[in-house]
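This report describes the fold, overall dimensions and surface of one protein chain. Please have the sequence and the structure open while reading.

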Amino acid sequence: MNRPLIAPSELETLTARFGPQPHHHAEVIGDGWWDEVRRSLDRRRGEVLLVIQRPGGEILVHTKAFYPTEAYRLPTGGIGWGETAWEALHREMAEETGLPVQAAEWWGLITYTLYPSADRRDLGTPFVSFVFYVRTEGEPRPADLGEQIAAFRWVPPETLPEIARRLESLDLPWRGWGVFRAVGHRFVWEHHRERLTSARANPSQKG
């Protein structure tokens with residue numbers, strides 16, 4: 001896989017529209033999950049991470065039928081080769097939640113190097129998450145049943161650190177996946193907590 005995951009022109013476009021946003025890089029040990037990510041790059045170049053907030057201030061998390069018990073997380077969706085992150089944001093909102101995009105903003109970039117095990121750092125696989133904030137209203141109804149979404153919850157933004165801790169504490173074979181997923185939740189809370197909590201305090205605020 002020699003194609004770049006991030007097009008410089010795409011970052012330039014997002015930065016011109018939304019201003020400079022934070023970038024975080026994480027190294028994650030896959031613990032049996034690495035092969036799945038490597039294979040996924042045949043069909044996608046990364047993902048969008050969706051921070052979906054309704055007027056009351058709560059944010060949307062979901063779990064899937066095959067996840068461990070109580071493994072809720074922020075929704076994500078793949079960015080296809082030849083598709084922009086902005087296009088993927090709107091497609092994934094429709095497919096995974098069925099909710100309208102009333103307003104959306106780019107909130108940053110997370111790049112990863114994923115390793116199959118601690119002693120195989122010669123086999124690092126790159127991955128990328130474009131983080132987007134979305135204002136919406138209504139209740140989610142996924143259109144893509146193949147995603148096997150089992151349940152949604154609206155939760156206070158302040159629960160993001162606890163969600164990250166739960167993901168990081170998962171046992172094998174989910175350990176590497178949980179550590180990987182926790183990164184995005186910590187990124188959002190570290191860099192955007194004031195925006196999320198102020199929106200909760202002022203439900204009429206528009207993003």
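## Confidence

This is a predicted model. The chain has a mean pLDDT of 91, and 96% of its residues score 70 or more.

Confidence varies along the chain: helix H2 (residues 34-40) is lowest, with a mean of 76, while helix H4 (residues 160-168) is highest, at 97. Predicted coordinates should not be read in detail where pLDDT is low.

## Secondary structure

Five helices and seven strands make up the secondary structure of the chain. Their order along the sequence is α-β-α-β-β-β-α-β-β-β-α-α. The pattern thus begins with a helix and ends with two helices in succession.

## Dimensions and packing

The radius of gyration of the chain is 16 Å, which agrees with the value near 17 Å for a compact globule, because that is what 207 residues would give. The C-alpha trace spans about 50 × 40 × 30 Å along its principal axes.

Of the 207 residues in the chain, 48% are buried. Contacts between residues at least 6 apart in sequence were also examined, and 78% of them join residues at least 24 apart.

## Surface and charge

What is the accessible surface of the chain, and what percentage of it belongs to carbon and sulfur atoms? The surface comes to about 9,700 Å², and carbon and sulfur atoms account for 50% of it.

The chain carries 25 positive and 28 negative charges. The mean positions of these two sets of charges lie 2 Å apart.

Technical notes
Residues are numbered from 1 along each chain as its sequence is written. This is a predicted model: local features need pLDDT of at least 70, side-chain atom pairs count only at pLDDT 80 or more; totals for chains, interfaces and linings use all residues. Side-chain values use heavy atoms; hydrogens and water are left out. pLDDT is the predictor's confidence in each residue, from 0 to 100. Helices (H or I, at least four residues) and strands (E, at least two) are DSSP runs, numbered from the N terminus. The radius of gyration is taken over C-alpha atoms; the globule rule is 2.2 Å times the number of residues to the power 0.38. Buried means under 20% relative accessible area, exposed over 50%, partly exposed in between (1.4 Å probe, protein chains only). Contact means heavy atoms within 4.5 Å. Accessible areas come from the Shrake-Rupley method with a 1.4 Å probe; for residues, only the protein chains shown count as cover. Lys and Arg count as positive and Asp and Glu as negative; His and the chain ends are not counted. The place of a charge is taken as NZ of Lys, CZ of Arg, CG of Asp or CD of Glu.
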